[in-house]
Amino acid sequence: MVSLTADLSPLHPDRNLAMELVRATEAAAIRAVPFIGRGAKEAADGAAVDAMRAFLGTVAFQGRVVIGEGEKDNAPMLFNGEVVGTGTGPQCDIAVDPIDGTSLTAAGRQNALSVIAVSDRGSMLDASSVFYMDKLVTGPAGVGVVDIRLPVGENIRKLAGALGKPVDEIVVSVLNRPRHEKLIQEIRDAGAGTRLMSDGDVAGGINAARHGARTDMCVGVGGSPEGIVTACAIKALGGHIQGRLWPRDDD
């Protein structure tokens, strides 16, 4: 785990690293507000990136971007390998996404998030070589119960038993993509309901792990960078996540 208190000079008031990073996500989210529902996802993303990067430059840590914006979205800043922070304090790996769900933001829909995930230097998986990841997320009831290698119907039945609820009350979140047509049908054939997401599988995973959430499980193939961010969130929530990289070709 990363030390949450930055090591600053006694001349300065103590600043908590976790709260500083929360403020960085707030800066990105606030800067994106004028673009909500305006149909300009690139402009929203650019504004959020600029705001987050500017704030991170004031935080007393040595952050190295392991998962950033540049490769996927052609963003000019917060690219993989970029170093951020003041250069003092703990050495960290970070994953950043000033807006996960730019299309949601542009359309004025829910579940767009501004996120930062942080770990000790050298401990965060760089999944950039394989862009997609197959994921299975549940709350803590899924620990030792579900297995991503099993058919989704079997996992649904196992989770329903662990939760003590009928299968027909289980709700599974899935990105609404052509690649998931068979998966969606298998979920429904098992007797569970689906919540189809247009974008934002980080929010989908988080919602599946939250206590009292309206979904019980999140499955399917999404971005591997989003998978790493989701894994950090699920660890903090005490939920359960399994993932496997999903290469699109032999290379």
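## The aromatic cluster

Phe-131 sits partly exposed in this predicted model, at a relative accessible area of 28%. Its ring pairs with that of Tyr-132 in an edge-to-face arrangement, with 5.3 Å from centre to centre and 85° between the planes. Tyr-132 also pairs with Trp-246, again edge-to-face, at 6.2 Å centre to centre and with 90° between the planes. That second pair is a long-range one along the chain: Tyr-132 belongs to strand E5, Trp-246 to the segment after strand E9 (240-245), and 114 residues separate them.

Trp-246 counts as partly exposed because its relative accessible area, 35%, falls between the 20% and 50% cut-offs. Put the pieces together and Phe-131, Tyr-132 and Trp-246 make one aromatic cluster. The total count of aromatic pairs is two.

## Salt bridges

Side chains of opposite charge can pair when their charged atoms come close. Here the tally is nine salt bridges. One of them joins Arg-244 and Asp-134, with 3.2 Å from N to O. Arg-244 is in strand E9 and Asp-134 in strand E5, so this bridge ties together parts 110 residues apart in sequence. The two partners differ in exposure: Arg-244 is partly exposed at 38%, while Asp-134 is buried at 14%.

Next up is Lys-165, which forms a salt bridge with Asp-216, the closest N and O atoms being 3.1 Å apart. Lys-165 lies in the loop between helix H5 (152-163) and strand E6 (171-175), and Asp-216 lies in the loop between H7 and E8, so to speak a link between distant parts of the chain, 51 residues apart. Lys-165 is partly exposed, with a relative accessible area of 27%, whereas Asp-216 is buried at 11%. 

Then there's Arg-177 with Asp-199, where the closest N and O atoms are 3.1 Å apart. Arg-177 is in the loop between E6 and helix H6 (181-189), and Asp-199 is in the loop between strand E7 (193-197) and H7, so the bridge ties together parts 22 residues apart in sequence. Both ends are partly exposed, Arg-177 at 23% and Asp-199 at 24%. Elsewhere, Arg-64, Asp-93 and Arg-121 are joined into one network by salt bridges that share partners.

## The cavity

Rolling a probe the size of a water molecule over the atoms shows where empty space is left. How many cavities of 30 Å³ or more does a search of the whole structure find? There is one, and the space in the largest cavity comes to about 70 Å³.

Its lining is made up of Lys-135, Val-137, Leu-175, Asp-201, Gly-205, Cys-218, Val-219, Gly-220, Val-221, Gly-222 and Thr-230. Three elements each supply at least two of the lining residues: strand E5 (132-138), helix H7 (201-209) and strand E8 (217-223). E8 gives the most, with five residues. By type, the lining splits into five nonpolar, four polar and two charged residues.

## The largest pocket

The largest pocket holds about 1,000 Å³ of space. It is lined by 34 residues, and Ile-116, Ala-117, Val-118, Cys-232 and Ala-233 lie nearest its centre. Helix H1 (17-32), strand E4 (113-120), H7, helix H8 (224-237) and E9 are the elements that give two or more residues to this lining.

Which element gives the largest share of the lining of the largest pocket? That is H8, with nine residues. As for chemistry, 25 of the lining residues are nonpolar, seven are polar and two are charged.

## Two more spots

Ser-119 is found in strand E4. Ser-119 counts as buried because its relative accessible area of 14% is under 20%. Its side chain makes a polar contact of 2.9 Å with the side chain of Ser-123.

Phe-79 lies in the loop between helix H3 (70-73) and strand E2 (83-84). Is Phe-79 buried or partly exposed? With a relative accessible area of 39%, Phe-79 is partly exposed. The C-alpha atoms of Phe-79 and Val-66 are 8.3 Å apart, and the two residues are 13 residues apart along the chain.

Key. Residues are numbered from 1 along each chain as its sequence is written. This is a predicted model: local features need pLDDT of at least 70, side-chain atom pairs count only at pLDDT 80 or more; totals for chains, interfaces and linings use all residues. Side-chain values use heavy atoms; hydrogens and water are left out. On a 1 Å grid over the protein atoms alone, a cavity is a set of points where a 1.4 Å probe fits but cannot get out, and a pocket is an open set with protein on both sides within 12 Å along at least five of seven lines; lining residues have an atom within 4 Å of a point. Grid points are joined across faces, edges and corners, and a volume is the space filled by probe spheres set on the points. Helices (H or I, at least four residues) and strands (E, at least two) are DSSP runs, numbered from the N terminus. Ala, Val, Leu, Ile, Met, Phe, Trp, Tyr, Cys and Pro count as nonpolar, Asp, Glu, Lys and Arg as charged, and the others, Gly among them, as polar. Rings of Phe, Tyr and Trp (its six-membered ring) pair if their centres lie within 6.5 Å; planes under 30 degrees apart count as stacked, over 60 as edge-to-face and the rest as tilted. Buried means under 20% relative accessible area, exposed over 50%, partly exposed in between (1.4 Å probe, protein chains only). A polar contact is a pair of N or O atoms within 3.5 Å; within protein, one must be able to donate a hydrogen and the other to accept it, and residues adjacent in sequence count only if both atoms are side-chain atoms. A salt bridge is a side-chain nitrogen of Lys or Arg within 4 Å of a carboxyl oxygen of Asp or Glu.
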